[in-house]
Every structure is written in C-alpha cells, then in structure tokens.
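Okay, thanks everyone for coming. I've got one structure to walk you through today, so let's put it up on the screen.

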Amino acid sequence: MRQRLLVVEDNPINLELVQDILEAHGYEVCSAMTGPEGYALARVLCPDLILMDIQLPGRDGISVTRDLKADPATCHIPVVAVTAFAMEGDRERILEAGCAGYLSKPLDSYSLLAEVAHHLGRNPLTPHPCQEVS
Ligand code: MN
C-alpha cells in the first residue's frame with residue numbers, strides 16, 4: 001500500500017514542487033493550503049506523515065501541530081515542519097510543538113526525500129517500483 005502524505009503549504013509553486021517530487025517517488029499526496037484546512041484534513045485522512053509549513057493563512061503550522069499532538073486520534077502522525085525563517089529559537093519552538101523534524105526552505109529534493117523516508121522507515125535511495133526508469 002502506498003504511503004500517504006499530507007502537505008500543508010500555502011504557496012502554490014512550493015506545493016506543486018513538493019507534490020511532484022513525492023509523487024515521483026511513489027507517495028500518495030494530499031494537500032491543504034491553510035492552517036484550518038490542514039488540521040481538518042489531517043483528522044479525516046490520518047496520513048502517514050505531514051509536511052507542515054509554518055507560515056500559513058488562518059493558523060500557523062505550530063498551532064496546528066500542537067492541536068494534532070494533543071489529540072489521541074492524530075498524535076502518532078509524524079509532523080515535519082517546513083519553514084523559511086531561521087531565527088534564533090525557531091527550532092526549539094517547532095520541536096516543542098511536537099514536530100518530529102525540521103526542513104528549511106528552499107527545499108532540495110534530496111533532503112526532502114531523506115527526511116520523509118527517515119520518518120517512514122524507507123530507504124531514500126531505493127527507487128519506488130512504480131517509478132519509471134528512463
Ligand atoms: Mn507559507
């Protein structure tokens with residue numbers, strides 16, 4: 001069964017990029033573009049992993065992650081934070097909220113796939129069987 005990821009990202013270009021990379025590696029990807037939508041979808045879909053942008057309209061990714069971690073129905077889902085700001089204290093704030101990991105923008109596909117695979121227990125260097133070899 002394909003692993004399902006939820007990507008919460010309000011920038012359509014970033015969202016498409018992340019979605020394309022993950023789908024090319026055999027993941028099923030669902031997406032949300034606001035904090036409240038991300039929270040609602042996480043509860044409905046129960047994905048295997050969530051990539052959570054921090055700056056989001058409606059509610060920031062830290063607040064959404066805190067609520068997901070406080071709920072027994074969703075607290076087991078690993079949340080990887082994606083953030084553009086590298087200010088002092090951010091990493092602590094993100095990990096305190098319950099995020100399992102942290103990726104900085106701009107994202108590169110290797111770091112993205114390695115981080116996702118790490119939390120899902122998959123070898124990032126093994127091509128997915130569905131991936132086309134050209
Ligand atoms: Mn954003």
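Let's start with Asp53, which counts as buried at 3% relative accessibility. Keep in mind that this is a predicted model.

So what does Asp53 do here? Together with Asp10 and Gln55, Asp53 coordinates the manganese ion, at 2.0 to 2.2 Å. The two aspartates each use OD, and Gln55 gives its O. If you like to think in sequence patterns, the donors are spaced as D-x42-D-x1-Q along the chain. The two aspartates come from distant parts of that chain, 43 residues apart: Asp10 is in the loop between strand S1 (4-8) and helix H1 (12-24), while Asp53 is in strand S3.

Is Asp10 buried or partly exposed? Asp10 is partly exposed, because its relative accessible area is 30% and buried would need under 20%. Asp53, at 3%, is under that cut-off, so Asp53 counts as buried.

Now, staying with S3, which covers residues 49-53, let's move over to its neighbour. S3 pairs with S4 in the parallel sense, over 4 bridges. One pairing to look for is Met52, whose bridge partner in S4 is Ala81. Between these strands you can follow helix H3, residues 61-70: S3, H3 and S4 make a right-handed β-α-β unit.

On its other pairing, S4 goes with strand S5, residues 101-104, again in the parallel sense and over 4 bridges. There, Val80 stands opposite Gly101.

How many residues of S4 are buried? It's 5 of the 5, residues 79-83, so the strand is largely enclosed by the rest of the structure. Both faces are covered: Val79, Ala81 and Thr83 are buried on one side, and Val80 and Val82 are buried on the other.

A quick word on cysteines, since somebody always asks. A disulfide is a covalent bond between the sulfur atoms of two cysteines. This structure holds 0 of them. Cys30 counts as buried, at 18% relative accessibility, and Cys99 is buried as well, at 7%.

Last topic, the aromatics. The count of aromatic pairs comes to 0, but there are arginines over rings to look at. The charged end of Arg59 sits over the ring of Tyr39, 5.4 Å from its centre. Over in S5's neighbourhood of the sequence, Arg91 lies over the face of Tyr102, at 5.3 Å from the ring centre.

That's my tour, happy to take questions.

Definitions and conventions:
Residues numbered from 1 in each chain as written. Predicted model: local features only at pLDDT ≥ 70, side-chain atom pairs only at ≥ 80, totals over all residues. Heavy atoms only, no water. Buried < 20%, exposed > 50% of the residue type's maximum accessible area, 1.4 Å probe, protein only. Pairing = 2+ DSSP bridges. Right-handed = clockwise from strand over helix to strand, strands pointing away. Donors = N, O, S within 2.8 Å, 3.2 Å for Na, K, Ca; no water. Disulfide = S-S within 2.5 Å. Phe/Tyr/Trp six-rings, centres within 6.5 Å; stacked < 30°, edge-to-face > 60°. Lys NZ or Arg CZ within 6 Å of the ring centre and 35° of its normal.
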